[in-house]
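Student: Could you take me through one part of this model slowly, beginning with the charged side chains that pair up and then moving on to whatever lies around them? I would like one connected account rather than a list.

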Amino acid sequence: MSGPPEMLGELISDTERHGKKGTESTYKIDGKFPNGKWLACTYGEADQVTLARQLPDATNVCVITSRKGKFVGQNDVKIDCK
């Protein structure tokens, strides 16, 4: 996100690939972010809970891999920011 969650600065992925390991979305965040770079995860059918964390300014890219879990409504998510 561009800024904290209450600013609603959601970003669109630069690339998205679908494969056997799930969907991999890449976000290039190497530009200027005056309000900081943030990672936010939402939970619940209507996003009732949001967990957010500010990323270091030196972060340039985040790759998020997600796939369906073993149980209904479960998702396995891997986040790698560098």
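Tutor: Let us begin with D80, which forms a salt bridge with K82, the closest N and O atoms being 3.7 Å apart; please keep in mind throughout that this is a predicted model. The two partners do not fall in one exposure class, since D80 has a relative accessibility of 32% and so counts as partly exposed, while K82, with a relative accessible area of 61%, is exposed because its value is over the 50% cut-off.

This pair belongs to a set of 3 salt bridges found in a search of the whole structure. Another of them brings together the side chains of R67 and D76, with an N to O distance of 3.9 Å. Here R67 counts as partly exposed at 47% relative accessibility, and D76 is likewise described as partly exposed, with a relative accessible area of 31%. There is also a salt bridge in which the side chains of E24 and R17 meet, at 2.4 Å from N to O. In that pair E24 is partly exposed at 24%, whereas R17 is exposed at 55%.

From D80 we can step along the chain to C81, where a disulfide joins C62 to C81 with the sulfur atoms 2.1 Å apart. A disulfide is a covalent bond between the sulfur atoms of two cysteines. The count for the structure comes to 1 disulfide. Its two ends are in distant parts of the chain, for C62 sits in strand 5 and C81 in strand 6, 19 residues apart. The torsion about the S-S bond of C62 and C81 is about 115°, and the disulfide is therefore right-handed. As for exposure, C62 has a relative accessibility of 5%, which is under 20%, so C62 counts as buried; C81, at 27%, counts as partly exposed.

A further cysteine, C41, is in no disulfide, and the nearest cysteine sulfur to it, that of C81, is 9.5 Å away. That distance is beyond the 2.5 Å within which two cysteine sulfur atoms are taken as a disulfide, which is why C41 and C81 are not joined. With a relative accessible area of 23%, C41 is partly exposed.

C41 leads us to the largest pocket, whose volume is about 920 Å³. Its lining is made up of 30 residues, and those nearest the centre are L39, A40, C41, T42 and I64. Several strands take part, because strand 2 (22-28), strand 3 (37-43), strand 4 (49-55), strand 5 (61-68) and strand 6 (75-81) each supply at least two residues of the lining, a strand here being a run of at least two residues. Strand 3 gives the most, with 7 residues. By character, the lining divides into 16 nonpolar, 9 polar and 5 charged residues.

Strand 3 deserves a last look for its pairing with strand 4: the two run antiparallel and are joined by 7 bridges. One of these pairings matches W38 with its bridge partner Q54 in strand 4. Together strand 3 and strand 4 form a hairpin with 5 residues between them, and in the turn G44 has a positive phi of about 100°.

Methods
Residues numbered from 1 in each chain as written. Predicted model: local features only at pLDDT ≥ 70, side-chain atom pairs only at ≥ 80, totals over all residues. Heavy atoms only, no water. 1 Å grid on protein atoms, 1.4 Å probe; cavity = no way out; pocket = protein on both sides within 12 Å on 5 of 7 lines; lining within 4 Å. Points joined across faces, edges and corners; volume = space filled by probe spheres on them. Helix = DSSP H or I, 4+ residues; strand = E, 2+ residues; numbered from the N terminus. Nonpolar A, V, L, I, M, F, W, Y, C, P; charged D, E, K, R; others polar. Buried < 20%, exposed > 50% of the residue type's maximum accessible area, 1.4 Å probe, protein only. Pairing = 2+ DSSP bridges. Salt bridge = Lys/Arg side-chain N within 4 Å of Asp/Glu carboxyl O.
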